[in-house]
Amino acid sequence: MPLLSVRNLTTRFATDRGVVRAVSGVSFDLEEGEVLGLVGESGSGKSVTALSIMRLVPEPPGRVTADAIEFDGLDLMRLSEAEAREIRGARMAMVFQDPMRSLNPVLTIGRQTTEVLRRHQKLDGKAARRRAIELLEMVGIPMAERRLGAYPHQFSGGMRQRVMIAMALSCNPRLLIADEATTALDVTIQAQIIDLVKRLQRDRGTAVIWISHDLGVVAGLCDRVNVMYAGTVVESGPIRRLFHRPGHGYTVGLMGSTPRVDGAAAHRLTPIEGLPPNLIDPITLCPFLPRCRVAVAACHERPPAPRQFAAGHWAACFADLVR
Amino acid sequence: MSTASPSPAAPYRIPSSLALAARQFPRHRLALVGFVCLLAICLAAALAPWVAPYDPVQIKLGSKLKPPSWEHWLGTDHFGRDVFSRLIWGGRTSLSVGALVVAFAFTIGVPLGLASGYFGGRVDNLLMRLVDAFLTFPPLLLAVALVGLLGPDIQNVMLAIGLVQAPILARVVRGSTLAVREDVYVTAARALGARPTRIVLSHILRNVMSPIVVQLTVVFAAAVIAEASLSFLGFGTQPPQPSWGRDMSEARRFLADAPWMFMAPTGIIMLCVLSINFLGDGLRDALDPRAWRTRRRLADGEG
Amino acid sequence: MSRLLEVDGLDVHYGAVKAVDGLSFGVDRGRTLGLVGESGCGKSTTGYAILQLVRPSAGRVLFDGADLCRLDTASLRRLRRKLQIIFQDAHASLNPRLPVGDLVGEALDIHGLFPGAARAGRIRELLDLVGLAGHLIERYPHELSGGQAQRVAICRALAVEPELIVCDEPVSALDVSIQAQIVNLLQDLQQRLGLAYIFISHDLSVVRHMSDEVAVMYLGKIVELAGKERIYAAPAHPYTRSLLSAVPVPDPDLEAKRQRIILKGDLPDPAHPPSGCRFRTRCPIAIERCAAGDPPPQPLAAGHWAKCIRLSEGS
C-alpha cells in the first residue's frame with residue numbers, strides 16, 4: 001500500500017473575478033521512501049496541491065474536494081482541523097521557499113525548534129533542548145548549542161532553511177514536502193541543502209515531495225516526476241524515462257526552454273510561446289493546446305486521456321512523442 | 001467592459017495619461033457626489049446676494065433664537081439674524097480661506113517636500129530644520145502671533161494659516177518622496193538621462209499624489225477651523241461679518257436653547273470636508289491606473 | 001575588435017564594506033560579458049557603478065575612450081544614451097502611473113529623438129522590434145505579464161539607441177518558458193543591432209547561453225575571467241569549480257555521475273572579509289599562505305586568468 005494516495009484532488013478559490021480552479025483532478029501515489037518531483041511553472045498548481053494535502057488551504061476562499069487522500073492509513077479528507085494539526089509537523093511536515101517568513105522574527109531559534117518537540121513529542125524543556133541541538137547539528141549547523149539563543153535575522157538564508165528542515169524533521173515525519181525550498185538560495189548553498197535532503201531520505205527512509213520549477217534539481221534528486229500544467233498532472237513517469245523520452249508537448253517545451261550549464265542544449269532555446277491559460281475560464285480541450293508545437297488533429301476535438309507508455313509512465317497527450 | 005482600443009489600421013495616437021485619468025473620474029460615484037455638493041455650496045456662496053433670503057447682518061431683536069420654520073429655514077440667532085442667510089454669506093469667508101490656504105500650502109509645501117526628499121543631503125537638512133522650527137510652535141499660537149504682527153486682516157489670517165499648514169504638508173511630501181526615490185523606475189529614469197526636474201515631476205510627483213491629496217483635505221478642514229478660532233479670538237473676520245467658524249463658536253453659548261445655531265455651521269463644515277474627502281478619493285483613484293475599474297485581460301499572448 | 005567599455009580598478013566602498021573592490025575588465029562591441037556570482041558578491045553594484053547610478057569610490061570606466069567617472073553632469077547625461085540597463089524586476093522598473101506608450105515615448109523625449117509627428121510611429125516600430133503587439137501601447141504596467149513588462153523595459157532601453165546594455169538578472173524572476181523567450185529576444189537584438197551586453201546573473205546556465213566571456217565574482221572581486229568555452233570546460237579557480245559543480249543539470253544520468261564540490265559554511269560578513277584571498281575560509285584547497293595577501297591574477301591561457309596562488313604550484 002502506498003504511503004500517500006491522492007485521488008481526484010480539486011482545489012478551487014473564490015475570487016471577485018470568478019472561481020479559479022487552481023488544481024483540477026490530480027491523482028497520484030507516493031511509496032514509502034520515494035522522492036517525487038512536482039514540476040511546473042507558476043500557477044501550475046503544484047504548491048496548492050501540496051497545501052491541499054497538508055490541509056493548509058484556507059477555506060473559504062478555498063475549497064478542497066477529493067475522492068480520497070489517504071496517508072499512512074488515514075483519510076485526510078475526513079480529519080477535523082484539530083486532528084489535522086496533530087498530523088502536521090508530526091507525521092508530515094513542510095518546508096517553504098522563504099525561510100525568513102516561515103520563522104518568527106521575534107522568537108529565538110531555540111524557542112522555535114523546541115516548541116514543536118514539546119507539542120508533538122511531549123518532551124520536557126531539557127529533553128527538548130537536547131534534541132533540538134542534535135537536530136541542528138544533524139542539518140549541519142555548527143556550534144548549535146550556542147546558536148539556540150540567536151534570532152532568525154542573525155542567520156543567513158541557507159542557515160535558516162537548515163533550521164526549517166531541522167524543525168520539519170524533528171518528529172521523524174514519514175513525509176516531507178519541500179515547496180521550492182532551495183529557490184531563494186545560492187547554488188552552492190542549494191547544493192548543500194540537496195545533499196542534506198538526500199542523506200536524510202536515505203538514512204531515514206522519509207518520503208519526499210519536492211516541488212520545483214528547476215528541472216536540474218529534480219533530475220538530481222527525484223525518483224519520479226509529475227509534470228503539472230494549469231492545475232493538472234499532464235505527465236508522470238520515472239525520472240530517467242521522463243527526461244529521456246518525454247511524452248507530453250509541455251514537458252518537451254519545458255526542456256527546450258531550459259539552458260544547460262553543460263552546454264548540451266542546442267545553440268538556440270526553443271521557448272514555449274504565449275502564456276498559460278486563465279484558470280477561471282473553463283478548459284475543455286488540452287490546456288496546453290494554444291501553446292503546443294506538436295499538436296495533432298485530435299487535440300482540437302476532445303480532451304486527451306492519459307496514455308500509458310511504460311510501467312508508471314503516462315502522459316495526457318495525443319501527439320506520438322514516445323516511440 | 002472593454003475600453004476602445006484602436007483598430008490595427010488606425011493611426012497610433014497615444015492618449016495622454018491625464019486624459020485617461022479624466023475619463024476615469026466620473027466613474028467614481030462618491031467623488032461625483034462630493035463634486036456636486038461642493039459645487040452647489042460654492043455657487044450658493046458666490047451668488048449669496050441673490051440666494052440668501054435675508055440680510056445676514058441685520059439685527060431683529062424681536063425674532064431672536066427662533067427655531068427653524070418656513071420663514072427661517074434654519075432658525076435665527078441671538079440677534080434675530082437668519083441662520084441660513086448667514087451660512088450662505090459665511091461660505092464666502094470660510095470657503096475662500098479654505099481654498100486659498102490649500103493653494104498656498106500646495107504651492108509652498110509640495111515643492112519644498114519634493115526638493116527636500118529628492119535631493120536629500122544639505123538641502124534636506126536645511127529645509128527640514130526650518131520646518132521643525134515651525135512645527136515646534138503650537139499652530140494656533142503661531143497664527144495668532146503672525147496676525148498680531150501683520151494686522152487682523154482676512155488676508156493675513158489666510159497667510160498665517162497657510163504658513164502653519166505648508167510645513168506639515170512639506171513633511172508629508174518629503175516622507176513619501178524618500179520612499180519613492182528608491183523605486184527602480186526612478187533609477188531607470190536616471191539611467192535614461194532624465195534631468196532631475198523631469199524625474200521629480202513626471203515620476204515622483206505622480207506617485208506621491210495620493211498622500212498629497214489626502215493631506216490637502218485635512219488642510220482644508222484645518223483652515224476652516226483655524227479661521228473660526230482666530231475669529232473667535234478677535235483676529236479674523238470682525239463681527240458682524242458672518243463666517244462658519246465664527247458662528248459656530250458663538251453658538252456654543254446657546255447650545256441648550258438654540259442647538260440649530262450650532263448645528264447649521266457644524267453641519268456645513270462637515271459636509272464640505274466630507275465632499276472634499278470624496279473628491280480627494282476620486283482624484284487619487286483617477287490618478288492611479290491600478291485602481292481603475294476597466295479590467296482588461298492580462299496579457300493576450302506574449303508578443 | 002574594438003573595446004567598447006574598459007573598466008579599470010573600479011571600487012565601490014560603503015564605509016568598511018568593499019562592495020566592489022578593484023575590478024578590471026572590458027567588453028567588446030557587439031559582444032557579451034557574463035558577470036556571475038552569488039548574492040552579495042557585488043555583481044549588481046558593478047552594473048550600477050558602470051552606469052554611474054552609484055558613484056564609484058575609485059577607478060575608471062572608459063566608454064569609447066571617455067571616462068564616465070570624470071564627466072560633468074551634462075556630458076554624462078548625453079552619454080547615457082549609449083549605455084542602458086534593464087532590471088530583474090521589470091514591473092518595478094516601470095512607473096506604474098504611465099501607459100506603455102508614455103514609458104517608451106519618454107525615453108525619446110529625454111534625448112529629443114523623433115519629435116513631433118514621428119514620435120508615435122517610432123514607438124510603434126520599437127514595440128514591434130521587441131515583439132509587443134501595438135495595442136499594448138495604452139496598457140499600464142500592472143496590466144502586463146512579467147514577460148511583457150520585461151519586453152517594455154527592453155523596448156524603452158532600445159529607444160535611445162544604446163551600444164551597451166547592462167542586463168541585471170533580466171530573466172531571473174520569469175518562468176522557464178518565458179525566460180527562454182526573453183533570452184532569445186536579447187540574442188536576436190544583439191545580432192540585429194550590434195549591441196554589447198553585460199549580462200549579470202546568478203544562473204550559470206543562462207550565462208553560458210548568453211555570454212562570450214565570463215567573469216566570476218566573489219565578495220566584491222573578480223576571481224576568474226575567461227572565454228565562455230574555456231571557463232565552463234576548464235574552470236581553474238576553486239570557487240568557479242565548486243560553483244559549476246553545484247549547478248544541477250537536467251539529465252538524471254549525468255546527475256547520478258556528477259561529483260559535487262560542496263562548500264563549507266556561508267559567505268563571510270562583507271564588512272569583515274577574510275585577509276588575503278577572500279575565498280580561503282570556504283576553499284577546499286586553502287593553505288596557510290592564502291591568508292598572506294591578495295592573490296594576483298595568474299594568467300593561464302590567452303584571455304584566461306584566475307586569482308589563486310595554488311594554481312602556480314605546477315600541479
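In which loop of chain A does A:Pro60 lie? In this predicted model, A:Pro60 is placed in the loop that runs between helix 1 (46-53) and strand 4 (62-65) of chain A. The peptide bond joining A:Glu59 to A:Pro60 is cis, with omega about -15°. A second cis bond leads from A:Pro60 to A:Pro61, where omega is near 10°. A:Pro61 is likewise found in the loop between helix 1 and strand 4 of chain A. For context, most peptide bonds are trans, and most residues other than glycine have a negative phi.

Two backbone positions in chain C show a positive phi. C:Gln52, a residue other than glycine, has phi near 65° and is located in the loop between helix 1 (43-50) and strand 4 (58-63) of chain C. C:Gln52 counts as buried because its relative accessible area is 3%. The other position is C:Asp64, with phi near 55°, in the loop between strand 4 and strand 5 (66-67) of chain C. With a relative accessible area of 47%, C:Asp64 is partly exposed.

The contact between chain C and chain A was examined next. It draws 39 residues from chain C and 41 residues from chain A. The size of an interface is often expressed as the accessible area lost when the parts come together. Here the area buried between chain C and chain A is about 3,500 Å², and carbon and sulfur atoms give 58% of it. Of the area that chain C buries against chain A, 17% is supplied by C:Val176, C:Pro250 and C:Pro252, more than by any other three residues.

Polar and charged pairs also span this interface. Between chain C and chain A there are 3 salt bridges. A:Arg260 pairs with C:Asp251 in a salt bridge whose closest N and O atoms are 3.9 Å apart. Across the interface of the two chains, 16 residue pairs are in polar contact, with both residues at pLDDT 80 or more. On the side of chain C that touches chain A, the elements giving two or more residues are helix 6 (176-193), helix 7 (204-210), helix 9 (238-246) and helix 10 (252-257) of chain C. Helix 6 of chain C gives the most to that side, with 10 residues.

Side chains of opposite charge can pair when their charged atoms come close. Over all chains, the count of salt bridges comes to 44. In chain A, the side chains of A:Glu32 and A:Arg174 meet at 2.4 Å, N to O. This pair links distant parts of the chain, 142 residues apart: A:Glu32 is in the loop between strand 2 (18-30) and strand 3 (35-39), and A:Arg174 is in the loop between helix 6 (157-169) and strand 8 (175-179) of chain A. A:Arg174 is partly exposed, at 29% relative accessibility. A network of salt bridges links A:Glu32, A:Asp72, A:Arg91 and A:Arg174.

In chain B, B:Asp124 forms a salt bridge with B:Arg174, and the closest N and O atoms are 2.6 Å apart. B:Asp124 lies in helix 5 (residues 121-136) and B:Arg174 in helix 7 (residues 154-181) of chain B, so the pair ties together parts that are 50 residues apart in sequence. B:Asp124 is buried, with a relative accessible area of 10%. In chain C, a salt bridge of 3.4 Å, N to O, joins the side chains of C:Arg208 and C:Glu229. Because C:Arg208 lies in helix 7 and C:Glu229 in helix 8 (residues 228-233) of chain C, this pair ties together parts that are 21 residues apart in sequence. C:Arg208 is buried, at a relative accessible area of 13%.

Aromatic pairs number 9 over all chains in a search of the whole structure. The ring centres of A:Tyr229 and A:Tyr250 are 4.5 Å apart and their planes lie at 45°, so this pair is tilted. A:Tyr229 belongs to strand 10 (residues 224-229) and A:Tyr250 to helix 10 (residues 249-257) of chain A, so the pair ties together parts that are 21 residues apart in sequence. A:Tyr229 is buried at 2% relative accessibility, and A:Tyr250 is buried with a relative accessible area of 0%. Ring pairs link A:Tyr229, A:Tyr250 and A:Phe288 into a cluster. Elsewhere in chain A, the charged end of A:Arg147 sits over the ring of A:Phe155, 5.8 Å from its centre.

Conventions: Residues are numbered from 1 along each chain as its sequence is written. Chains are lettered from A and ligands numbered from 1 in the order in which they are written. This is a predicted model: local features need pLDDT of at least 70, side-chain atom pairs count only at pLDDT 80 or more; totals for chains, interfaces and linings use all residues. Side-chain values use heavy atoms; hydrogens and water are left out. Rings of Phe, Tyr and Trp (its six-membered ring) pair if their centres lie within 6.5 Å; planes under 30 degrees apart count as stacked, over 60 as edge-to-face and the rest as tilted. Helices (H or I, at least four residues) and strands (E, at least two) are DSSP runs, numbered from the N terminus. Buried means under 20% relative accessible area, exposed over 50%, partly exposed in between (1.4 Å probe, protein chains only). A charge sits over a ring if NZ of Lys or CZ of Arg is within 6 Å of the ring centre and within 35 degrees of the ring normal. Contact means heavy atoms within 4.5 Å. Buried area is the accessible area (1.4 Å probe) that two parts lose on being put together, summed over both. A salt bridge is a side-chain nitrogen of Lys or Arg within 4 Å of a carboxyl oxygen of Asp or Glu. A polar contact is a pair of N or O atoms within 3.5 Å; within protein, one must be able to donate a hydrogen and the other to accept it, and residues adjacent in sequence count only if both atoms are side-chain atoms.
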